[in-house]
Structures are given as structure tokens and as C-alpha cells.
Amino acid sequence: FAIRRKAAFLETMKAHRTPIRSDWLISGDLSEHAGFEAACSLFSHEKSPTAILCSSVFLAMGIQRALSDRGKILGRDVSLICWDDCLSGFHKSTSTPQFTSMQSSIYAAGTGIATLLLDKIDTQDKSISTQLLEAELVLGQSTGTGPYYQE
């Protein structure tokens with residue numbers, strides 16, 4: 001999933017003729033600590049990003065901690081969008097969510113893969129099957145209008 005997310009990001013940036021700074025593309029594990037370390041690296045540069053897209057809500061929590069340590073306000077100084085995947089530990093409420101996120105259902109993914117597997121077993125079908133699930137952008141408090149970075 002992370003490879004597909006990165007590929008889609010790169011394709012979209014290219015389609016919009018938006019330059020990509022390779023030193024701002026960071027890969028690693030999907031933990032809060034990794035998000036913190038990545039953000040510390042990004043914000044050590046003279047010019048740092050004003051928006052971040054990360055592939056896990058856990059990374060987002062670490063990025064938020066790094067911003068807070070630097071006196072930056074999430075959603076004002078830096079916008080952040082993460083993949084949330086509707087994790088059961090993050091209950092929805094009627095208020096605005098903390099993070100703007102792309103959400104897809106882990107439950108739907110689990111039932112989908114189980115159905116595909118059982119169908120393969122029942123039919124003895126050895127072909128490769130894929131299923132692409134939809135995701136929804138849910139606006140939260142982590143995105144705002146500025147500042148806008150331009151080289």
C-alpha cells in the first residue's frame with residue numbers, strides 16, 4: 001500500500017508540474033517515532049515544507065510532536081494530511097477530527113481479502129486477483145491555507 005500511495009503522489013505532482021524535492025521524500029517504518037525523526041530532519045533545513053503528506057496516522061502524531069517542539073502550529077504553520085485507515089483506537093466524534101486524512105476501512109479490506117481467498121480455495125483458481133478500495137478525504141484541524149512555499 002505504501003508503494004502505491006507514493007507512486008500516486010509522484011504521478012499527481014508530475015501531472016500538476018509541481019517540483020518534487022527528493023530530500024523531502026522519506027521512507028521508513030510507520031511509527032510515531034519515525035514521524036518525529038522525519039519531521040526533525042525536514043525542519044532542520046533553512047527552507048522546510050509547509051505541507052506534509054504521510055502514510056500513517058502514527059507518523060502524523062510524531063510529526064505533530066516535532067512541530068510542537070519547534071513552536072509551530074499544525075494547520076497554521078504546516079498542513080498535514082495522513083492516511084488514517086479508520087483505526088479502531090481513534091474513535092470518531094461529532095467534532096472536527098484532529099488530522100485531515102484519507103480514510104479507508106481496514107474492516108472492508110479484511111473482509112475483501114478473506115472473500116478473495118475463500119473464492120480461490122473453492123474454485124481452485126490460481127490467477128492473481130486484486131481489489132482496489134475507495135478512500136475518502138476527511139478534513140480535520142491539521143490543514144490550513146498558508147503559508148505557501150515557493151522556490
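**A β-α-β unit and its surroundings**

β1, α3 and β2 come together as a right-handed β-α-β unit. The model is a predicted one, and that unit is a handy place to start reading it. In this unit, β1 covers residues 51-54 and α3 covers 57-69, while β2 takes in residues 79-83. The two strands run in the parallel sense and are joined over four bridges. Ala-51 sits across from Ser-79 of β2.

Zooming out for a moment, the chain holds four helices and four strands. Going along the sequence, these elements come in the order α-α-β-α-β-β-α-β. Of the 151 residues, 29% count as buried. The accessible surface adds up to about 10400 Å², and carbon and sulfur atoms own 57% of that. As for contacts with a separation of 6 or more, 69% are between residues 24 or more positions apart.

Back to β2, which pairs on with another strand as well. Four of its five residues are buried, so β2 is largely enclosed by the rest of the structure. Besides its pairing with β1, β2 also pairs with β3 (residues 100-103), again in the parallel sense, this time over three bridges. Trp-83 has Met-102 of β3 as its bridge partner.

β3 is also home to Ser-101. With a relative accessibility of just 2%, against a cut-off of under 20% for buried, Ser-101 counts as buried. The side chain of Ser-101 makes a polar contact of 3.3 Å with the side chain of Gln-103. Leaving aside residues up to four places away in sequence, Ser-101 touches Ile-81, Cys-82 and Asp-84, and also Glu-136, Leu-137 and Val-138. Of these, Ile-81 and Cys-82 fall within the span of β2, residues 79-83.

On the helical side, α2 spans residues 32-42. Its buried residues are Ala-34, Gly-35, Phe-36, Ala-38, Ala-39, Cys-40 and Leu-42. These buried residues pack against β1 and α3, two of the elements that make up the right-handed unit with β2. Taken together, β1 pairs with β2, β2 pairs in turn with β3, and α2 packs its buried residues against β1 and α3.

Note on methods
Residues numbered from 1 in each chain as written. Predicted model: local features only at pLDDT ≥ 70, side-chain atom pairs only at ≥ 80, totals over all residues. Heavy atoms only, no water. Buried < 20%, exposed > 50% of the residue type's maximum accessible area, 1.4 Å probe, protein only. Contact = heavy atoms within 4.5 Å. Areas by Shrake-Rupley, 256 points an atom, 1.4 Å probe, with all protein chains shown as cover. Pairing = 2+ DSSP bridges. Right-handed = clockwise from strand over helix to strand, strands pointing away. Polar contact = N/O pair within 3.5 Å; in protein donor to acceptor, adjacent residues only side chain to side chain.
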